[in-house]
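Please open the model in the viewer and keep the selection panel at hand. The tour proceeds from the whole chain to selected residues.

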Amino acid sequence: MLGRATRRCDEIDKEVFRIYDAVELYSALAPYSDMKPVVPNPKVPFAQLVGELNTVDDGESRAEILDQLISKLDRKKRRLRDEALEQFETVAAMSPDDLLTFLRDHGPDAAHAWFAEHPSLTTILDKVIKADKPVMVSHHEDEIRAVKNGFGDSRPPGDYLEGFRAFIAENQNKIPALVVVAQRPRELTRQQLKELKLALDEAGYSETNLRAAWRAKTNQDIAASVIGHVRQAALGDPLLPYEERVDRAMKRILASQRWKPPQRKWLERIGKQLVQETVVDRDALDRGQFKAQAGGFDRLNKVFDGRLEQLLGDISEAIWASEMSAS
């Protein structure tokens, strides 16, 4: 049983196991089978371990704390997927495996200095990777006492959206991507968009919550992107479905001149990718289908006679042109 239980099973994210001993055999085997965990208390949050690196003076103890931190991150990294992994890599500017290598190679002092430069990473890890919640059991009769729609500290949708507008106004000079989204959308990069989404999520203004609050206030369910919500709050732009904006912009670009067949084919693919990723820049073209089928930005740039970067900016500008709302 112990042998089977201790085998890894990444498919189900196995981290713990339980053995039910009906005949008290476990106690007899304990002197030979007990395993000392690297992390004495696996529920200790990342923020606490990082904080202890700074407060503990003894070198041996600090090395032990770093070992616990490394073990915890190594064990939990499998849970970092999709949006959580994107948030991690946006803040850390490296993958979880690269960070583990850095921590193993550079020791407690470098680890503390690195986390001091990336303070929000422990918040992301502790937010995404939570300990199992206890199951609450109650035998009393259920009753509905109130039904409310609340957003961010249970605020009504109107107050929530007003808070969002205030956040945008107050942070124009603190979050560089806000200025780019509002004034120069053609210059927006995928990395800047990731950083903007992360900042908004941390402030309680995720794209999902913004859409739900808008629907609750206006009775309109509009699948606008987070860029659309920012521009609506900052500039008063009409909130339109993002896919509709892309469709209109691509029709305008395709009708702007006589494109060669290969150029038209790739423009159509760029349009489809914009719907999925919101921003298609040089980085986006150097990976995925564009890298595999077109050879990346440099080769695709030759298809467009060296004007690809200008063209990507024109497409972005067309998507967010205010006159589109009147067409």
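The stops below cover the chain, its nonpolar cores and a surface patch.

This is a predicted model, in which local features need pLDDT of at least 70 and side-chain atom pairs count only at pLDDT 80 or more, while totals for chains, interfaces and linings use all residues. Residues are numbered from 1 along each chain as its sequence is written, and side-chain values use heavy atoms, with hydrogens and water left out.

Begin with the whole protein chain, coloured by secondary structure: it contains 18 helices and 0 strands (DSSP runs, H or I of at least four residues for helices and E of at least two for strands, numbered from the N terminus). Of its 327 residues, 38% are buried (under 20% relative accessible area; exposed means over 50%, partly exposed in between; 1.4 Å probe, protein chains only).

Next, select Leu200, Leu267, Leu274 and Ile315, which touch the most other members of the 54-residue largest nonpolar core (buried Ala, Val, Leu, Ile, Met, Phe, Trp, Tyr and Cys joined through side-chain atoms within 4.5 Å). Helix H18 (residues 308-320) supplies the largest share of this core, 7 residues.

Centre on Leu274: residues up to four places away in sequence aside, its contacts (heavy atoms within 4.5 Å) are Tyr242, Val246, Met250, Val279, Val280, Ile315 and Ile319.

Then select Leu49, Ala84, Ala92 and Leu121, which are among the 25 residues of a second, separate core.

Finally, select Leu25, found in helix H2 (residues 25-33). Leu25 is partly exposed, at a relative accessible area of 49%.
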